[in-house]
Amino acid sequence: MSEKITVSIIKADVGGWPGHALVHPELKIIARNELEKAKGKDIIDYYVTNCGDDLELVMTHRKGVDDEEIHALAWNTFLKATEKAKELKLYGAGQDLLSDAFSGNIKGMGPGVAEMEFTERKAEPIVTFFMDKTEPGAFNLPIYKMFADPFNTIGLVIDPSAIQGYRFEVWDIQEHKKVMMDCPEEMYSMLALIGAKSRYVIKRVYPREGGKLPLDEPVAAISTEKLYEIAGEYVGKDDPVALVRAQSGLPALGEVLEPFSFPHLVSGWMRGSHNGPLMPVSQCNAKCTRFDGPPRVVALGFQLANGRLVGPVDLFDDPGFDNSRQMAKDTADYMRRHGPFEPHRLPLADMEYTTLPKVLSKLKGRFEKIE
Ligand code: F6R
Ligand code: MG
Ligand code: MG
């Protein structure tokens, strides 16, 4: 048992209501009951929510990352929720648990995980992020802005304990490799990688020498596991989650949220095959209905008190983000008018599925050489 605290977010889509829009409330009740039984034993505290059709479990404990019991607890919770999803005939019941429930395609299955083990500070504000209808690379731009962009995070310029910058762990999910990069020195090289967000994803962020925090304890973590495991073959859109620590030598809460004042374009909308704006919403609006989207993000804030999750505060429930939402709505209209054309529809290589091989084989005998 460690002195340090671990925060684990584990999520899965175990059935949508209706279609891929939402998690049914009964599934959340089941998840709460399961985690309540474990409270005081395996876990210290928990919070259950949803973003769109993804059931999200936030747990605190002292067992470190990748702990078998914690992961088993999450898995069994998802199995219990799946039983109910099957009873209610929810859409794609158990789909992320590699069950045989068919939901159109088998890509992008398996729960997502974002976990960090660290020494809880005197006051420890954390932000949990949940996205639906997009992929882990959707976190590249906001995480970069939080920890490396002085136009977003003024603390990088005027806070003596942040001016040394941060260290980024970037994964190449095609080649199964990772690289550590220091910003600001390597900012341009890092952008060359993470701008290609379907291949290079930020996995973790660490403090650097000169700051207040231990160098081996991450300050941000993003779920990318499944992509890593199955990259090389086709990889689905794994609606991602992330965990970010804030304040006191780290980006302030407002600097952590500021990147979402711009609804940047992400992939994963409608059939995992379209680009669209990422709309920051309060939890009650985390339901993807327009053209199965648009993609959205929820942010819940907590103070940790010896592992107790004091919160949540629904952080995008703020009129300060109304312009971002308006821009997202306008951008959604603009993108939708492209219909089946790129760049609304993803390039062929990034689409979740396509009829193109069938269309081409039908046309095979009709293609003529161009002189
Ligand atoms: C997007 C998403 C939905 C589905 C779409 C088709 O990530 O989950 O847009 O892809 O509703 O679903 P199926 O193929 O299950 O009918
Ligand atoms: Mg779904
Ligand atoms: Mg989803």
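In this talk, a residue is called buried under 20% relative accessible area, exposed over 50%, and partly exposed in between, using a 1.4 Å probe and protein chains only. By that rule Tyr-47, at 26% relative accessibility, counts as partly exposed.

Good morning. The model shown is predicted, so local features need pLDDT of at least 70 and side-chain atom pairs count only at pLDDT 80 or more, while totals for chains, interfaces and linings use all residues. Residues are numbered from 1 along each chain as its sequence is written, chains are lettered from A and ligands numbered from 1 in the order in which they are written, and side-chain values use heavy atoms, with hydrogens and water left out.

I begin with the metal site. Which residues are the protein donors of the magnesium ion, ligand 3? They are Asp-53, Asp-54, Asp-132 and Asp-239, each through OD, and they lie 2.0 to 2.4 Å from the ion. Donors here are N, O and S atoms within 2.8 Å of the metal, or 3.2 Å for Na, K and Ca; water is not among the atoms, so sites may look incomplete. Asp-132 belongs to strand S5 (residues 124–132), and Asp-239 to the loop between helix H6 (225–230) and strand S10 (241–245), so this pair ties together parts that are 107 residues apart in sequence. Helices (H or I, at least four residues) and strands (E, at least two) are DSSP runs, numbered from the N terminus. Asp-132 and Asp-239 are both buried. The magnesium ion, ligand 2, is 4.7 Å from ligand 3, and Asp-53 coordinates both ions.

I turn now to charged side chains. Side chains of opposite charge can pair when their charged atoms come close. A salt bridge is counted when a side-chain nitrogen of Lys or Arg is within 4 Å of a carboxyl oxygen of Asp or Glu, and the structure holds 24 of these. One of them joins Lys-37 to Glu-34, with the closest N and O atoms 3.0 Å apart. Why are these two separated by about one helical turn? They are three residues apart in helix H1 (residues 25–38). Glu-34 is buried, at 15% relative accessibility.

A second bridge, between Arg-290 and Asp-333, has its closest N and O atoms 2.7 Å apart. This pair links distant parts of the chain, 43 residues apart: Arg-290 is in the loop between strand S13 (279–280) and strand S14 (296–305), and Asp-333 is in helix H9. Arg-290 is partly exposed at 36%, and Asp-333 is partly exposed at 38%.

Finally, I consider the aromatic rings. Rings of Phe, Tyr and Trp (its six-membered ring) pair if their centres lie within 6.5 Å; planes under 30 degrees apart count as stacked, over 60 as edge-to-face, and the rest as tilted. The count comes to seven aromatic pairs. In one of these, Tyr-47 and Phe-302 meet edge-to-face, 5.8 Å centre to centre and with 65 degrees between the planes. Tyr-47 lies in strand S2 (residues 45–51) and Phe-302 in strand S14, so the pair ties together parts that are 255 residues apart in sequence. Is Phe-302 buried or exposed? Phe-302 is buried, with a relative accessible area of 4%.

Ring pairs also link Phe-129, Phe-139, Phe-260, Phe-316 and Phe-321 into a cluster. Within this cluster, both Phe-316 and Phe-321 are buried. Thank you for your attention.
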